[in-house]
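I opened a notebook for this structure. The entries below follow the order in which I looked things up.

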Amino acid sequence: MEDPLPQDKHSRDIWLKHERLPLTPPQSDESGSDQSLHSEDADVDIPLPPPTRRPTEVLDIDKKTPDAHVPRDPRLIRLTGTHPFNVEAPLQALFNEGFLTSPELFYVRNHGAVPEVRDQDIPNWEFTVEGLVEKPFKMTLRQLISDYEQVTCPITLVCAGNRRKEQNVVRKSKGFSWGAAGLSTALFTGVYMSDLIKRAKPRRKARYVCMEGADKLPNGFYGTSVKLNWVMDPNRGIMLSYKMNGETLRPDHGKPLRAVIPGQIGGRSVKWLKKLIITEEPSDNWYHIYDNRVLPTMVSPEESANNPKWWTDDRYAIYDLSTNSATVYPSHEEQLCVVNAPQKYRARGYAYGGGGRRITRVELSLDKGRSWRLAKIEYPEDLYRETDHHLFGGRLDMSWKESCFCWAFWSLDIPVSELAEAKDILVRAMDESMNVQPRDMYWSVLGMMQNPWFRVTISKEGDFLRFEHPTQPALMPGGWMERVKKAGGNLANGYWGESIGGENAEQLVKEEVKEVSMIKEGVKRTITIDELRKHDSEQAPWFVVNGEVYDGTGFMKEHPGGAQSILSAAGMDSSDEFMAIHSETAKGMMPGYHIGTLDEAARSVLSQGEIADKSAEPRPTFLQPRAWTTAVLHSKQIISWDTRIFTFKLESETQTLGLPIGQHLMIRLRDPVTREAIIRSYTPISETSKKGFLDVLVKVYFDTEAAKGGKMTKALDALPLGHGVDFKGPIGKFEYHGRGLCSINAQKRTVKRFAMISGGSGITPIFQVLRAVMHDKHDKTHCTVLNGNRLVEDILCKEDLDAMIEGNEDRAKVLYTLTKAPEEWKGLRGRINGELFKQHCIKDSQTLVLVCGPEALEKSIHIALKDQGWPDDQILFF
């Protein structure tokens with residue numbers, strides 16, 4: 001990477017001053033140990049970063065994402081698929097690096113795309129200090145370095161989701177599955193945040209410092225807050241940092257400037273910092289409210305979704321880390337031969353506290369917690385307190401501090417003979433405030449702050465002892481928790497799902513999950529991947545939801561989305577699509593189609609995801625019915641206060657969309673916090689023959705006091721340009737071929753008239769069919785459109801609709817009706833109802849009624865048409 005040196009001499013001197021020490025220290029004589037700097041001020045070795053190998057190549061998996069500019073280390077374990085980038089290092093690799101972590105193995109929590117900042121722009125990066133202050137100001141990173149004292153401090157950052165996989169095995173939370181390596185330690189160089197706040201002079205009511213980053217996300221820029229008195233407390237050491245381990249911050253870690261909040265969860269350390277806002281109340285940023293909270297354990301995911309008051313109660317917000325520890329060695333699946341083994345085995349691991357509190361003891365038990373033995377604790381952080389050395393351009397400001405903001409290492413030599421008699425190794429830590437890790441987990445909706453005793457099981461297999469950790473991160477299989485659960489054990493019984501040494505441990509009643517059962521009682525069939533793959537056609541389309549297999553043959557004709565919806569999922573895992581789209585009624589129908597359960601091998605194959613098209617040549621059409629394809633948001637046109645046209649760039653300039661007239665496509669986004677899929681169907685308004693781009697008209701449903709808004713529409717509205725969005729299709733049971741010929745569930749028929757009823761954004765499929773008819777002068781099909789809305793400004797595509805009708809009055813008419821029409825309105829008034837339809841539409845066997853709109857409109861018009869004698873085969877609901 002080029003050195004981001006400013007052009008003016010003074011600033012160049014400042015930068016050079018901070019670059020005295022090499023980015024990478026010399027090789028150590030001891031493999032795996034920390035590098036050290038011998039201080040002239042004291043006879044002490046200061047740990048320095050381990051050797052680093054900066055990635056130079058963008059990984060193939062990232063090349064089609066918004067992060068295509070970020071090189072990364074392939075060793076990192078991805079927790080949320082391809083994008084966004086949320087990773088942890090393999091636990092042993094992290095531990096073996098020593099006290100400090102190299103940037104390439106440092107854990108990453110990204111909510112979206114990484115902002116791209118050129119090296120030459122780093123010194124001129126601007127941020128503001130504003131809000132309840134007497135002297136708000138804007139400054140550059142160059143000024144931050146030249147005008148303020150620089151300090152360097154060792155700090156461990158920990159994600160609030162560290163060890164969450166353990167909670168997810170017991171009961172799925174809304175969060176993705178971190179293992180025990182969601183933490184890392186570095187030497188951060190920068191300026192104390194309090195120095196900036198003092199310059200701004202907070203006003204009397206100021207109580208919080210809100211921070212906002214440059215990462216534009218589906219729900220706005222990422223932001224959060226901490227208390228002002230914490231920022232001003234020198235013992236807290238809250239800082240703005242531009243260096244990590246002596247080098248400029250890398251993109252995933254906040255390049256070029258981030259906040260670092262020692263002793264608190266990583267979610268408070270805002271990356272790509274752009275604003276410090278002094279306020280009277282905590283941040284109202286979406287990510288501050290709906291992320292990083294521990295709700296009461298009795299609050300279910302459904303209750304939390306339906307009652308936003310849980311999220312706005314700041315008592316449940318997480319700030320300080322909780323006391324925690326984990327075992328690294330013995331590692332997961334490590335085997336120890338007891339024949340001719342050393343007398344003792346050294347168990348090792350880590351521990352950390354929160355809020356600057358020191359870990360004062362770590363204890364291990366080999367008898368289920370009946371007795372404990374003390375482990376030895378090493379505090380590498382304390383070595384920095386013994387010198388005032390300047391490091392990486394900043395003063396080591398540690399000698400006077402009592403606070404502890406880094407992980408500590410514990411170890412204990414255990415007789416192998418005792419390990420051979422034990423069933424497990426339990427570890428717990430305690431801090432100086434006597435906060436001790438609990439025995440049992442505290443489950444919560446977001447699965448955060450998981451810190452019960454860390455348990456490693458011991459199995460005797462011949463001459464060997466085999467060790468198992470609780471879980472493995474992400475979707476990786478393994479761990480004693482999964483094994484116990486699969487065997488029917490109740491992990492919440494207080495004894496890790498097992499009984500103790502012949503004792504009959506009381507089995508707690510499992511909490512009933514209030515979900516609609518989708519499984520047919522008595523079905524015991526196990527299905528292999530080969531069997532599933534053989535049923536990927538219309539003859540017998542099988543599909544998978546949550547590991548269960550269903551036969552869609554009997555529902556192909558009746559499916560509201562048409563047979564193609566089932567065929568597109570045949571032979572595949574459609575869990576995301578099904579769970580995101582279907583109602584409780586649809587789920588209640590599933591037992592009738594349930595035929596069996598996938599075996600473990602099949603689940604493993606499907607968990608690897610869809611196989612990408614490896615062809616170098618772009619496909620002629622963009623959409624694929626059996627795979628998600630990514631397009632990039634190219635532009636957003638604001639039509640009105642709540643209506644947008646989103647233009648997406650396809651994979652190739654020569655591609656057409658590949659969407660038949662009258663059909664839909666699915667759009668998929670991921671919830672920024674839970675990573676659960678948000679999937680909705682849309683009909684684009686762009687011409688089907690348009691190359692390289694597609695246009696989607698969206699009415700955004702914002703939150704109101706009476707109701708929550710639309711997840712998908714709000715997420716789309718908040719997307720930054722350049723963000724990738726997934727598409728799949730086509731779907732739908734109707735297709736218009738032209739000149740009166742159409743298909744319904746692949747059955748062709750000819751009509752002379754379309755009676756089209758639409759409400760709100762339901763105009764889009766109607767719009768596509770009407771345009772196809774009007775653009776063909778030889779198409780004699782007559783179209784009558786009844787378009788209902790509340791207000792004039794709610795009418796979508798009006799200019800385009802009117803332009804189509806002009807000159808074609810003999811072939812079509814569009815009638816607009818408003819429920820809240822202004823006095824000067826010359827169109828119809830009131831709701832679309834049976835009487836209005838009867839006045840303007842001809843009833844005969846050659847007319848096909850097309851309906852698309854809100855559920856209430858579709859239900860009411862269906863009843864009205866049935867009362868008028870219209871048969872169901874002449875009424876089609878999109």
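Entry 1, strand pairing. Before reading any sheet I wrote down the rule: two strands pair if DSSP finds at least two bridges between them. I also noted that the model is a predicted one.

With that rule I looked at strand 4, residues 86-88, and found that strand 4 and strand 5 pair in the antiparallel sense over 2 bridges. The count of 2 bridges meets the rule of at least two. I then looked up one partner by name: Asn86 has Arg109 in strand 5 as its bridge partner.

Next I asked which order the strands of this open sheet have. The order is 3-4-5, the sheet has 3 strands, and the pairing is antiparallel. At the edges I found strand 3 (77-78) and strand 5 (108-109), each of which pairs on one side only.

Entry 2, cavities. I asked how many cavities of 30 Å³ or more a search of the whole structure finds. The search gives 4.

I took the largest cavity and noted its space as about 360 Å³. Its lining has 32 residues, and those nearest the centre are Arg109, Asn110, His111, Gly266 and Gly267. Arg109 was already in my notes as the bridge partner of Asn86. I sorted the lining of the largest cavity by residue class and got 15 nonpolar, 10 polar and 7 charged.

I then turned to the second largest cavity, which holds about 130 Å³ of space. Of the 17 residues that line the second largest cavity, I noted Gly353, Cys404, Phe405, Cys406 and Trp407 as the closest to its centre. I also looked up which elements give two or more residues to this lining, and they are strand 8 (151-158) and strand 18 (344-352). By class, the lining of the second largest cavity divides into 11 nonpolar, 3 polar and 3 charged.

Entry 3, salt bridges. I noted the background first: side chains of opposite charge can pair when their charged atoms come close. A search of the whole structure finds 52 salt bridges, and I followed up a few by residue.

The pair I picked to begin with was Asp62 and Arg72, whose closest N and O atoms are 3.2 Å apart. Asp62 and Arg72 both sit in the loop between strand 2 (45-48) and strand 3, 10 residues apart. I checked burial for this pair, and both Asp62 and Arg72 are buried.

Another pair was Glu482 and Lys165, whose side chains meet in a salt bridge at 4.0 Å, N to O. Glu482 is in helix 11 (residues 480-486) and Lys165 in helix 4 (residues 164-170), so this salt bridge ties together parts that are 317 residues apart in sequence. Glu482 and Lys165 are both buried.

I stayed with helix 11 and looked up Arg483, which forms a salt bridge with Glu468; the closest N and O atoms are 2.9 Å apart. Since Arg483 lies in helix 11 and Glu468 in strand 27 (residues 464-468), the pair ties together parts that are 15 residues apart in sequence. Are these two residues buried or exposed? Arg483 has 36% relative accessibility and so counts as partly exposed. Glu468 has 4% relative accessibility and therefore counts as buried.

Last, I looked for salt bridges that share partners, and these join Asp62, Asp67, Arg72, Arg78 and Asp252 into one network.

Definitions and conventions: Residues are numbered from 1 along each chain as its sequence is written. This is a predicted model: local features need pLDDT of at least 70, side-chain atom pairs count only at pLDDT 80 or more; totals for chains, interfaces and linings use all residues. Side-chain values use heavy atoms; hydrogens and water are left out. On a 1 Å grid over the protein atoms alone, a cavity is a set of points where a 1.4 Å probe fits but cannot get out, and a pocket is an open set with protein on both sides within 12 Å along at least five of seven lines; lining residues have an atom within 4 Å of a point. Grid points are joined across faces, edges and corners, and a volume is the space filled by probe spheres set on the points. Ala, Val, Leu, Ile, Met, Phe, Trp, Tyr, Cys and Pro count as nonpolar, Asp, Glu, Lys and Arg as charged, and the others, Gly among them, as polar. Helices (H or I, at least four residues) and strands (E, at least two) are DSSP runs, numbered from the N terminus. Buried means under 20% relative accessible area, exposed over 50%, partly exposed in between (1.4 Å probe, protein chains only).
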